[in-house]
Amino acid sequence: MAAPALILFGVFAIVPLFGVAALSFVHWDGLGAITWAGFDNWTDAASDPVSRNALWLTVKLTVLCVLFQAPVSLLLGVFLAGRQRYRALLATLFFLPLLFSSAAVAITFTALLDPNFGAGSALDLPLLAQNWLGDPQLALYVVVFVIGWCFIPFHTLIYQAGTRQIPRELYEASRMDGAGPVQQFFHITLPMLKYTIVTSTTLMTVGSLTYFDLIFVLTGGGPGNATRVLPLDMYLTGFRSYDMGRASVLALVLVIVGLAVSLGLNRITGASRMESQSEGS
Amino acid sequence: MALQRNEHRPNVVGAAFAWLWLAVIILPIYYIFITSLRPREDYYAENPLSWPANPTLTAYQRVLENDFLRFFANSVVVTAASVAVTLAVSVMAAYVVVRSRDGFGRNLFRVALLGIAIPIQAAIIPVYYLIVQLGLYDTLAALILPSIAFSIPLTLLILTSFLREIPESLFESMRMDGATEWRILLRLVVPLARPALATVGVYQALQVWNGFLFPLVLTQSAETRVLPLSLWSFQGQFGVDVPAVLAAVVLSILPMLAAYILARRQLVSGLTAGFGK
Amino acid sequence: MKLGTRRRSLLALGAVAPVAAALGACGNQPGGPSGDGATAWGLTGGAEEAMRASFEAWNEANPDDQITAEYFANDAYKEKIRTAIGSGNAPTLVFGWAGATLADYVANDQVVDVTESTSALTERLLPSVAQVGMVDGKVYAVPNNQSQPVVLYHNNEVLEAAGTQVPTTWSELLAAVEALKGADVIPIALAGQSVWPELMWISYLADRVGGEAAFQRVLDGEAGAWSHPDMLRAAQMITELVDAGAFGDGFASVVADAGADHALVSTGKAGMILQGSWIYPEFLTNAPDLVAGGNLLFSTFPVVEDGAGDPTSIVGNPANYWSITASASEADQGTAADYLSEAVYDEEHIDSLLAIGAVPPVAGLEDRIAQEDDPAFLDFTYAMVRDAAHFELSWDQAIPADQAQELLNNLSRLFLGEITAEEFAEAMDATL
């Protein structure tokens, strides 16, 4: 009964991974003959400043994304867990960005952030009329913000649901002890959301590591190399420079980093819990 | 279940922040909407955030004349087929994981756990050549098959954690009645797992509907173009016609918006039930 | 756990074999996508309408030898065509820019020699354009649309308001930049996010400073070609322009695909723009008043006073080209060759190109151009191509793809001021 799932996953996900591993040891331009390369692609990639920068940018992007998305989603999620009418309305509106494709979001923000014809020129606020996507110092932060715009709604939902599962007796008891809202937040809400935080952060981390679509359409990796993260570097190396061997090395690095992060985060909490459950069943 | 504290002491920080975030969310959406109504020749002349002086639907007309409905239909086919197959094969696999007594189920679960971390980007080059060799290049199947493969791990995990909560006694009593595994799956597991199936189905539908990389690499012609890619190519094709590009954006989210309005509760509770544990 | 590992590695062994076989088989799969007759892939935008009309006319006249055409956006096409050719999925007629890509196709026997079958067409072409389709003295590609020289456009209303005029020399250009800056407009619009418009600047500057030889050294793979004094000077001039504020502060976020660069000139927010001749129709659409009032001016690239370059030399795309894929069936190849020699640049095709402001690289068109409604621009570009001492193919097409990517990358950093001209030269020398 598990066969169809295994076959589909095996053929279109596992087999290609071995293909990537094989390709990382050959020279191939997608057109001519395939020749054996040994570890050439690996040493080349390791010494290439562009790829090293891409790896560093990927780490930076991931950290910034988590630092931006996690507190905002947590705050909004906890707030929206309240039952007032207008909060329900807010929750409805907050959901909207989830409906947009990355391509749609990127196209919108490109137009909106255009220094000459975008919102900055409309509001006549010098603060907003920055060269957002053209300044190498700013572009990465703009990308982090736009990614946040897309995904904070999703994580807000997770936190909202998590908060609603906290028994309200805990709050009542603490109020009897004279705890204020700030204390309650730190002593009850946060500890009780432990697993929610882990789930949400894992998804954020793995998601940011592999971010491609939005950056591809929004900046194409520029200005210069300011937003050329690893997945984009891989794509450009493979499908623009036609260096399939080098691109495969980068792809493998992506897989390894992704696996390491999700294994690491799972080890800390979630999976061990799930696995022990499965062992018990 | 309500958090009483909120009714006694208003959460000022949270409220201020929520309203601020609302502005952040709404501004781009407002911008998309008004710009799509702006006449092409006024785009560079008018204030980008003002209501158009001469609102018009001609941008929508230009988009619809450019095969938009076909891209739309392609997206529907790819999304529906991917989600249906993903759910079918994953619920079968999840059943095996939950019921198996040997190491097989546990290993299957571990593979799925690792599978979540495999980025689509990493596998794209071999997937491309695999699809070419299978003779599927530039067909809708070329999008459906890999989309299913990469949706399986997460779907399997969520369904598995849901199925574990079905009481053992239910399985036992059906087995006593002589039911086959298939019968148990269809009569017991699927009906009970309906909320989880809806959840993960919605989530994967969003993923596939908005997917960009597979269509970018695995298809080429207008016959097989799906919505997100069409937005990108509209951008090249319409050039300075920003209102048309944004009208296409509006049209591309309409079905998701309709689904959201019609089935908001299901969608939201589904999404949160899946990940909120 | 042990069992699991072993099972997985067994699976791995089984998995590698078919992949390796599949990859190995890629290069020699015959037949093309399907046997339903000849196919062609073109580009959207530009001369798409003329190309569509040409295929429709051909299909009407030759119901038994139909050609099915499809059209793609520029970037998407460039990414797909190579992998399509490599995997035997190429169309019969391949749209291209000639240059290094064509040489690569020829070296891998992917396209066929059409010297004889298209001689009727090549005889009528402007030699500088026909030349580009040849590799080792044989014709592998023939032009299919208009010549696309890169032109300096000016919004004369803006220039006049700033008290300056169309620059003809490098020092006049610098003076115009100062004057326009003083008038609070962006002197020169540049789509820096797209990077390729930046190539136009360095190509023209290198040509004006060092002549044809400057880039020929790169093509020949000569060591140190990029740090040659002429090339280095061209890179330094870029830095000089950027430092003088010639492109404004925001150029790095301007996107050419969305036309945000020439929109700056149409709307009077910028004075000039260096762009391909293909953007002229956009001015007709977006700034009809400017064009009708005679205030959209165009000129050749300024002369560098002490440079060795010929002032008539131009940069751009001599044209786009059709090649015939070797993997297509013989019947389809025949159909394609007939189409090239009979239908490309026939009377109707020339008419439909001229109608959209595109000048085909065919000799002796002066009289026909004079009959058009708006002959000034057509006449200007036609004369430019006809009289050019040298027509230099866009650099990103002329050199191999991996080098071109490095070039775009380093060039954008040069424009951003992240690297100096010397560092640019050093980085590019490393790619040779």
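Below, a biologist and a modeller chat about a predicted model with chains A and B.

Biologist: Let's start with chain A. How many helices and strands are there?
Modeller: Chain A has 14 helices and 2 strands.

Biologist: And what does the C-alpha trace of chain A span?
Modeller: About 75 × 65 × 35 Å along its principal axes.

Biologist: What share of chain A counts as buried?
Modeller: 55% of its 281 residues.

Biologist: What about contacts in chain A between residues at least 6 apart in sequence, how many of them join residues at least 24 apart?
Modeller: 71% of those contacts do.

Biologist: OK, on to the contact with chain B. How many residues does each chain put in?
Modeller: Chain A brings 86 residues and chain B brings 83 residues.

Biologist: Which part of chain A gives the most to that side?
Modeller: Helix 1 of chain A, residues 3-23, which supplies 12 residues.

Biologist: What is that side of chain A made of, by class?
Modeller: The side touching chain B has 57 nonpolar residues, along with 22 polar and 7 charged ones.

Biologist: Switching to chain B. How is it divided?
Modeller: Into domain 1, covering 12-56, and domain 2, covering 62-275.

Biologist: How many residues of each domain are in contact with the other?
Modeller: In chain B, 7 residues of domain 1 contact 7 residues of domain 2. On the domain 1 side, they split into 3 nonpolar, 2 polar and 2 charged.

Biologist: And how far apart are the C-alpha centres of those two domains?
Modeller: The centres of domain 1 and domain 2 of chain B lie 32 Å apart.

Technical notes: Residues numbered from 1 in each chain as written. Chains lettered and ligands numbered in written order. Predicted model: local features only at pLDDT ≥ 70, side-chain atom pairs only at ≥ 80, totals over all residues. Contact = placed C-beta atoms within 7 Å. Helix = DSSP H or I, 4+ residues; strand = E, 2+ residues; numbered from the N terminus. Nonpolar A, V, L, I, M, F, W, Y, C, P; charged D, E, K, R; others polar. Domains from an automatic or database assignment. Buried ≥ 20, exposed ≤ 12 C-beta atoms within 10 Å, placed from the backbone.
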